[in-house]
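Trainee: I would like to go through this structure and ask what stands behind each label. Please set the values against the definitions.

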Amino acid sequence: MRSCVDARTEELPVAVRAQGLGKSFPGVRALTNVDFDVRHGEVHALMGENGAGKSTLIRILSGVHRADEGTITVTGAAVPFRNGRFPGSPGEAERAGISVVHQEIDLLPNLSVAENIGLGRQRTRFGLLLQRLMRERATAALARLGIALNVRLRLADCPIAVRQMVAIARALDVSAQLLILDEPTSSLDAEETARLFTMLRRLRDGGLAIVLISHSIGEVCSIADRITVLRNGTRVGTWNAPELPPAALVEMMTGRTVTSGERSSVAPAVLPELPALRAEDLACGHVLGPVTLSLHAGETLGIAGLLGSGRSELLRAIFGADAPDGGTVAVKGVRVRPGSVRASIAAGMAFLSEDRARDGVFADLSVGENLLMALQARCGAMRPIPRTEAKAIVDRFIAALGIRAASADAPIASLSGGNQQKVLLARWLAIEPTVLLLDEPTRGMDVGARAEIESLLASLRHRGLALAIVSSELDETVRTSQRVLVLRDRAVAGMIESADVSEGAILALVAHGGDPA
Amino acid sequence: MNASAMHSWHRWRSAIAWPLVAIVMLLLVNAAFDWTRTGTFAGAFQRGGFLSIVMIDGRPTGAIMDTLSRGATVALLAIGMALVIAGRGIDLSIGTVMAITGVTAAAVVDRGAPGWLAIPAALAAALVCGAWNGFLVTIGRLQPFVATLILMVAGRGIAQALADGQILTFRDPVIEFLSGGRVPWLPVPVPLLVAMLAALVTFIATRRTAAGLLLEAVGSNPGAARLAGIRERLLVFVTYVASALCAGLAGLIECARVRSADPSRLGLSLELAGIFAVVAGGASLAGGRFVLGGAIAGAYLLQTMTTTMYARDVSSDVAPLPIACVILAVCLLGSPRFRSDLRAIVKRGKQ
């Protein structure tokens, strides 16, 4: 553990101070009266759940959004902000010394490393680029980070971790006071993350102010000097990192109490019957570590974990939507060909993705056509479902699931999100699966629609389906699940058995992992 | 008729309406010209008039019959292109595939083989071309535009090599039947028959099976199609093969018309006519819904325009401009959004 950090940060000069920031979007209050300061020589972690206001805060700091209320002051800024309160454009923020490295690295893969670092700030002579000067500057910028790299390399030929470093070098090339990193580790593996953090510590010790956004509690605890937690657009508080243990941090983020004592035995019960679904050592690149799980007929397995913990990736790997690197999946004891959606469906699996628009809805087609698509795909192109039979199936599901559509021939785009979701659920129920994998089945739905889906899922379970449900709503997981698998940092943190399932038990595992607190 | 049939009928009608309206208007314009020329309304229907159908050597002739016959080429191309575009692709190679097929047929006949052997050989060449495109798009994962551009450019060289760089002329009754043949009990140009037959086969293959629906799903959302268990790569592959076979038939008809195959001119820039026809028939280049009838109507709109230009003695250098204007008008009127914008403007004008 780091020593005397808290004592040190107390005396550090403030680099950037935001006071009373407020921001509204049409229909949404994104930020309310947020105070936030970053000091020179500290890594300041900004934590919060989705929609807590982290992104909005960063966008105001970097000049993308304009705050409705409040001011931002940059100590030692050469020029005051033109409106006197906050940066009016990303360029102005950059000139004031605020640099951002975004989650999707916004560099140009076709250009060289040097060009990426120097782009937009290149020196010219008689309108011609001074290539050599640009390369020298880029080399120097990378050297400051402790990286030796041929700056003539095309960026696309560099590994992602190196691109991340180049993005940071670009951000620092403008004599930055404050460096903001938005989810810098989301596409890095453990070793690359360690390299990045070594570099960040060096920059911190050199006096740079760093704001870090990350969903990984473990990472934040290992590098942050101070932590600010946002929830629902307001600041919950700022703590010196050692004063905020993981459990308390999760509690602050979610607003729910973690009671470590509730944790139960982690060993899964040995069930005699053949599981409906068994995944062994399933792994998928650096997004999912080896995971083993069993799922039985008539049971709902909740899969919990923070965003980026590998919960969606786990379902996708089981279904074959993303090809796993290793491990096996078996349905009722029969091995399924890995990475093949069709093999998974043939084996009796069905998968409802979290992204309806991207992975589910055929916007051009009607409600009925959308509903029958999986069944038709399984029958094959040569065996069309007869019209009368198709109509019977569609009408049956529209009635059973209470889908509110003008008619089966209405375009699916004319339905509300909740009803579209029901159509997609019906699409899978129509093939009568034995295992139903659901990723955020109630996302974006109002309370009524949510309750309908939940009771529907419960009745499916009673009829002997095996369900695995990923949800970021803890109360929903607790309500629907018999057992809960908790993922943390892309690996299994533990399994909570029936009697012990509670929000507290899940949060404890999310916060502490398998280790006792 | 049940609700679903009503629905598809509505879609069919809206796709085909605007090209048909444009064709009828063109016919009326031609009739008006003939009226002023001859001084009588009946002039349009008399010999030399645009709407006349006169029996010569026991076969009907006239501008309309000519349009029906010549329009078959682009109609065939449009059928194949409609399928490819429905699957979110594009096939730029069909003009070149026409040349390769025509040259193959001519070369086979040139070596003394009979026509009934040359036609399957030529279509086999088209099949290989289509499989190549399909391979590049589905296995090679190239963008369709780039994948088919390769054959569009390189295929001309293949055709040149097959023809030894010459224009191959031939006489063969079987191949010539494809353009000038006479069916005893049916006074219809053979090219039109071929196109209608191709349309019928395609219709049955797509709409009497589920292939058409699955293809529309792939074009509408390829990612979702894969997750629903649709064999999206196989479907897309087949569309490129179908498109090349349609182009092959078109190539045979075109070279039968002139009894020669010119590797550098045959089918030149007809891929654009095919795309035009599909778009005029109400399809979106973004993939999804397709209506075969709309694409065929679009093809015949193009041909009616071309025949009109000939009939009105418009120089072939200038002809593309009025053709483009009509196509633009049809595409704009066929777009629901443009129509609603137009209505809003008209309404504002009245106030």
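Trainee: Why is Ser69(B) called buried?

Mentor: Buried means under 20% relative accessible area, exposed over 50%, and partly exposed in between (1.4 Å probe, protein chains only). Ser69(B) has a relative accessible area of 11%, so it is buried. This serine lies in helix 2 (residues 63-86) of chain B; helices (H or I, at least four residues) and strands (E, at least two) are DSSP runs, numbered from the N terminus.

Trainee: What makes the pair Ser69(B) and Arg257(B) a polar contact?

Mentor: A polar contact is a pair of N or O atoms within 3.5 Å; within protein, one must be able to donate a hydrogen and the other to accept it, and residues adjacent in sequence count only if both atoms are side-chain atoms. The side chains of Ser69(B) and Arg257(B) are joined at 3.2 Å. Contact in general means heavy atoms within 4.5 Å. Beyond neighbours within four places in sequence, Ser69(B) is in contact with Pro189(B), Pro191(B) and Arg257(B).

Trainee: How far can the model be trusted, and what are the ground rules?

Mentor: This is a predicted model: local features need pLDDT of at least 70, side-chain atom pairs count only at pLDDT 80 or more, and totals for chains, interfaces and linings use all residues. Residues are numbered from 1 along each chain as its sequence is written, chains are lettered from A and ligands numbered from 1 in the order in which they are written, and side-chain values use heavy atoms, with hydrogens and water left out. pLDDT is the predictor's confidence in each residue, from 0 to 100. Chain A averages 83, with 89% of the residues scoring at least 70. The mean for chain B is 90, and 97% of its residues reach 70 or more. For the complex, the predictor gives an ipTM of 0.88 and a pTM of 0.75.

Trainee: Which elements of chain A have the lowest and the highest mean pLDDT?

Mentor: Helix 1 (residues 5-11) of chain A has the lowest, 52, and strand 17 (residues 349-352) of chain A the highest, 96. Over residues 1-7 of chain A the pLDDT is below 50. It also stays under 50 over residues 260-270 of chain A.

Trainee: What makes Glu369(A) and Arg289(B) a salt bridge?

Mentor: A salt bridge is a side-chain nitrogen of Lys or Arg within 4 Å of a carboxyl oxygen of Asp or Glu. Glu369(A) and Arg289(B) meet at 2.7 Å, N to O. Across the interface of chain A and chain B, the rule finds one salt bridge. There are 10 residue pairs in polar contact between the two chains (both at pLDDT 80 or more). Helix 13 of chain A gives the largest share of the side that touches chain B, five residues.

Trainee: How many residues meet there, and how much area is buried?

Mentor: 30 residues of chain A are in contact with 28 residues of chain B. Buried area is the accessible area (1.4 Å probe) that two parts lose on being put together, summed over both. Here that is about 2,300 Å², 60% of it on carbon and sulfur atoms.

Trainee: Is Asp359(A) buried or exposed?

Mentor: Its relative accessible area is 10%, so Asp359(A) is buried. Asp359(A) sits in helix 12 (residues 356-359) of chain A. Its side chain makes a polar contact of 3.2 Å with that of Arg316(A). Across the interface, its contacts include Asn221(B), Ala224(B) and Leu227(B).

Trainee: Why are Arg171(B) and Glu176(B) labelled differently for exposure?

Mentor: Arg171(B) is at 60% relative accessibility, so it counts as exposed. Glu176(B) is at 15%, so it is buried. Their side chains meet in a salt bridge of 3.0 Å, N to O.

Trainee: How do you know that Asp475(A) and Arg479(A) are about one helical turn apart?

Mentor: They are separated by about one turn because they are four residues apart in helix 17 (residues 474-480) of chain A. Their closest N and O atoms are 3.7 Å apart, in a salt bridge. Asp475(A), at 28% relative accessibility, counts as partly exposed.
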